[in-house]
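Please open the model in your viewer and keep the selection tool at hand. The tour below goes from one selection to the next and tells you what is there at each stop.

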Amino acid sequence: MTAIKHALQRDIFTPNDERLLSIVNVCKAGKKKRNCFLCATVTTERPVQVNVVKVKKSDKGDFYKRQTAWALRDLGVVDAKDAVKESPEFDLHFDKVYKWVASSTVEKNTFISCIWKLNQRYLRKKIDFINVSSQLLEESVPSGENQSVAGGDEEAVDEYQELNAREEQDIEIMMEGCEYAISNAEAFAEKLSRELQVLDGANIQSIMASEKQVNILMKLLDEALKEVDQIELKLSSYEEMLQSVKDQMDQISESNHLIHLSNTNNVKLLSEIEFLVNHMDLAKGHIKALQEGDLTSSRGIEACTNAADALLQCMNVALRPGHDMLHAVKQQQQRFSDLREQFARRLASHLNSVFVQQGHDQSSTLAQHSAELTLPNHHPFHRDLLRYAKLMEWLKNTDYGKYEGLTKNYMDYLSRLYEREIKDFFEVAKIKMTGTTREGKKFATLPRKESAVKQETESLHGSSGKLTGSTSSLNKLSVQSSGNRRSQSSSLLDMGNMSASDLDVADRTKFDKIFEQVLSELEPLCLAEQDFISKFFKLQQHQSTSGTTTNEVEEMDGVALSRSYTSGVPQTISSEKDMIRQMMTKIFRCIEPELNNLIALGDKIDSFNSLYMLVKMSHHVWTAQNVDPASFLSTTLGNVLVTVKRNFDKCISNQMKQMDEVKISKKSKVGILPFVAEFEEFAALAESIFKNAERRGDLDKAYIKLIRAVFVSVEKVANESQKTPRDVVMMENFHHIFATLSRLKISCLEAEKKEAKQKYTDHLQSYVIYSLGQPLEKLNHFFEGVEARVAQGIREEEVSYQLAFNKQELRKVIKEYPGKEVKKGLDNLYKKVDKHLCEEENLLQVVWHSMQDEFIRQYKHFEGLIARCYPGSGITMEFTIQDILDYCSSIAQSH
């Protein structure tokens, strides 16, 4: 154990300026672990620090390392477990209880005794020693106690004092003379002990030999003891004096702490007061503005706005914990609430009066707009109210109830105002459309030249074609019966002139202008009001990035009419957009029914007006959706567009129904059917209206429906015709359709144009063949017999040997058809064709030329048969092809 102490002192404690006084080999109680050492140490520097250090052998080698250290002043209890019975177990109570088991009882007792001495020497705090034998605890008188403790300490110091160089040299010489000491340490120690005893004996004998010196020494010792007693008395008095100084210093320290704490609290209190004063103090000017500020002037409104913002900041200040419990804070908050309530009530009352006053002022200007197709301008009204926009935002954030009340009052006042304005506006529009005053009298209209009407129509629709015919006149068109061809042509010509009248063109142009002006007046009115509502009532008008738009689609006859509404946007934005729509719907609740009434009137005046309305309405819907697909204007115009589309479809259906119900006269020829002429008029009108229109697809679908119905109805009428041959009805009408489609160049009807041309060609050929028939009847029968013999297998050159078809019979038949008779037959044929054909289509010369070609073809066929079947006979017809051409030409000229 001595060698271990020496190693620990050298390796661990000497570098840390510590001296090792006692050591015990221990392990933790109840656990099987490697042993460690508890060491009692003191520092070499003043003041002396006493520690208990736990030292453990390193796992990686044979050296020791410092693991844990406890200050002796932190030791509360030393429990030796049993004061009578020897036991190696003991407990040390530091911050917690550490249970140890020593390697031997002697080491435990030695360590506990050293702890007790150190406690008596260095610590004021007495450590409790429990279950410790009284023999281990040295008890003596106070003076003796100090001496004993001091002596023990000195012995401990001397025992563990390092050897000087000379001592090390002497030990080495001695160990060289006693080699066995290396192998037998006990024998070596025993020898040293004997030699020490011999030396002690020699010292005692030397002392005893010099008694005089001993007496002197004893006397000096007594004097030293007296001096020590005096010093101890002085030290005691000094200690008492220092104790009072210590008490005073403790009081001063405590007083300084209280002063510091007071200063800290005062600083914090000042900070809190400054915070409350800076954030919850409303200037007198702001208070006066809230209580008495002028809400009619711009400067007063600005002052009230600034005061309201300052009040809102004071009310919304984030109070720190505990502020709301202060009486002054509660009073200030109550004062702010009263100011807010007072100003909100005054602001709401003033704005309500402004709404009422503006409504009356605006109503007084209605008279000047009653005769004009214009809507009053609300911009001055909006401009005046927008001065209060920030105050409305303040009211919305502070008192939503009054804000909501103002919103309802605004809608009530403005809805009545707009209703009067819009109804008067639409009344003027209806008067201008119908040309009547409110008393039912006609407006005076000046006649308009055809060129002026044509120029105005072209400027509106970009078409050089003439608009002809109203539906009312077209619906009355029917095939007129007459006694002769000329009266029939005159009747049709008169009806054509009536349908192409300048009056109809002017009426439609006027309607188009009026309808466009109505939409043009409504659109900026609604947009301006919506923009004002958004700014004045601080509502979100446009959705954010994360917003999407979905379309509600209504299918009508295969045409999609979209109504847009927003979804998937944040709840606040969506609700504010809904609020804008609701306000607009209530304010302009009369727009949609008034538009529907105007559309119904226009459709009643002329069903073709639905074409104009469809184009105009589609354009305005497209424009409104580009601005805001979810706006009130877009939704309303979209709803009205559905009605217009229904009227357009109804117009198409009525025309198809009229085609199906058409009746023809049994006594007069048919000519160009009325619905064919109606389709031509409709197509020409539609092309001029729908040029560059957004909803061209609707017209193309209507074209397909109409043209197919025309084709079916033409065939139906042709089959029912009794006066006019079927082929003539088909030929003339399909020729007219083909000419119309070729002139208008409608791309979606290219297939129908080709079909019409084919039908016209086929029925022209059929009519020519049927009407021409066999002008040389007997000659036709003769050659039919010849062809029959050839078909039976008789050679062509042998047919002349047949009795019924010899040359003599051929000559007889040819003599029956001299040139005079042929011309007479052709003249009768020309008259018959002239009766069948109508003058409007002017196909007589075309048909006559086709019949001439067919007659010549038959003539050439006969000449061919004569040349093949009667070769060398010299038999020829009594007229030539040139004679046929001359006959046909002269007949055509004579008629």
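Begin by selecting helix H8, residues 284–292, where Ile287, Ala289 and Leu290 are buried; buried means a relative accessible area under 20%, exposed means over 50%, and partly exposed lies in between, with a 1.4 Å probe and protein chains only. Helices (H or I, at least four residues) and strands (E, at least two) are DSSP runs, numbered from the N terminus. The three buried residues cover an arc of only 160° around the axis, which puts them on the same side of H8, the arc being that of the directions from the helix axis to the C-beta atoms. Colour Lys284, Gly285, Lys288 and Glu292 next, and you will find these exposed residues on the other side of H8.

This is a predicted model, in which local features need pLDDT of at least 70 and side-chain atom pairs count only at pLDDT 80 or more, while totals for chains, interfaces and linings use all residues. Residues are numbered from 1 along each chain as its sequence is written, and side-chain values use heavy atoms, with hydrogens and water left out.

Keep H8 selected and add helix H9, residues 298–315: the axes of H8 and H9 come within 8 Å and cross at roughly 115°. Axes are lines fitted to C-alpha atoms, for helices over the stretch in contact, and angles run from 0 to 180 degrees between N-to-C directions. H8 and H9 are therefore roughly perpendicular to each other, since angles of 65 to 115 degrees count as roughly perpendicular, under 35 as roughly parallel, over 145 as roughly antiparallel and the rest as oblique. H8 passes H9 in a left-handed crossing; a crossing is left-handed if the near helix is turned anticlockwise from the far one by less than a right angle, and right-handed if clockwise. On the H8 side, the contact is made by His286, Ala289 and Leu290, and the residues of H9 that take part include Ala303, Ala307 and Leu311, where contact means heavy atoms within 4.5 Å.

Now select threonine 296, which is found in the loop between H8 and H9 and counts as partly exposed at 48% relative accessibility. Which residues is threonine 296 in contact with, leaving aside its neighbours within four places in sequence? They are His350, Arg387 and Tyr388. Arginine 387 is 91 residues away from threonine 296 along the chain, and their C-alpha atoms are separated by 9.8 Å.

The next stop is the largest nonpolar core, which has 172 residues; a nonpolar core is a set of buried Ala, Val, Leu, Ile, Met, Phe, Trp, Tyr and Cys residues joined through side-chain atoms within 4.5 Å. Select Tyr410, Val518, Phe588, Phe690, Leu779 and Val847, the residues that touch the most other members of this core. Helix H14, residues 400–434, gives the most to this core, with 13 residues. Stay for a moment with valine 518, which, not counting residues up to four places away in sequence, touches Leu373, Phe425, Phe426, Ala429, Leu595 and Leu598. Apart from this core lies another one, of 32 residues, among them Val48, Val52, Trp116 and Leu123.

Move on to helix H20, residues 591–605, and helix H22, residues 632–661, which pack at an angle of about 25° with their axes 10 Å apart. H20 and H22 are therefore roughly parallel to each other, and their crossing is right-handed. Among the residues that meet here are Leu595 and Ile599 in H20, and Leu637, Val640 and Val644 in H22.

Then select helix H28, residues 807–815, where Leu810, Val813 and Ile814 are buried. Seen down the axis of H28, its buried residues fall within an arc of 100°, so they line one face of the helix. They pack against helix H27 (777–791) and helix H30 (844–869).

Finish with some loops, beginning with the peptide bond from arginine 46 to proline 47, which is cis, with omega near -10°. Proline 47 lies in the loop between strand S2 (36–43) and strand S3 (50–57). Aspartate 17 has a positive phi of about 60° although it is not a glycine, and its place is in the loop between helix H1 (2–13) and strand S1 (18–28).
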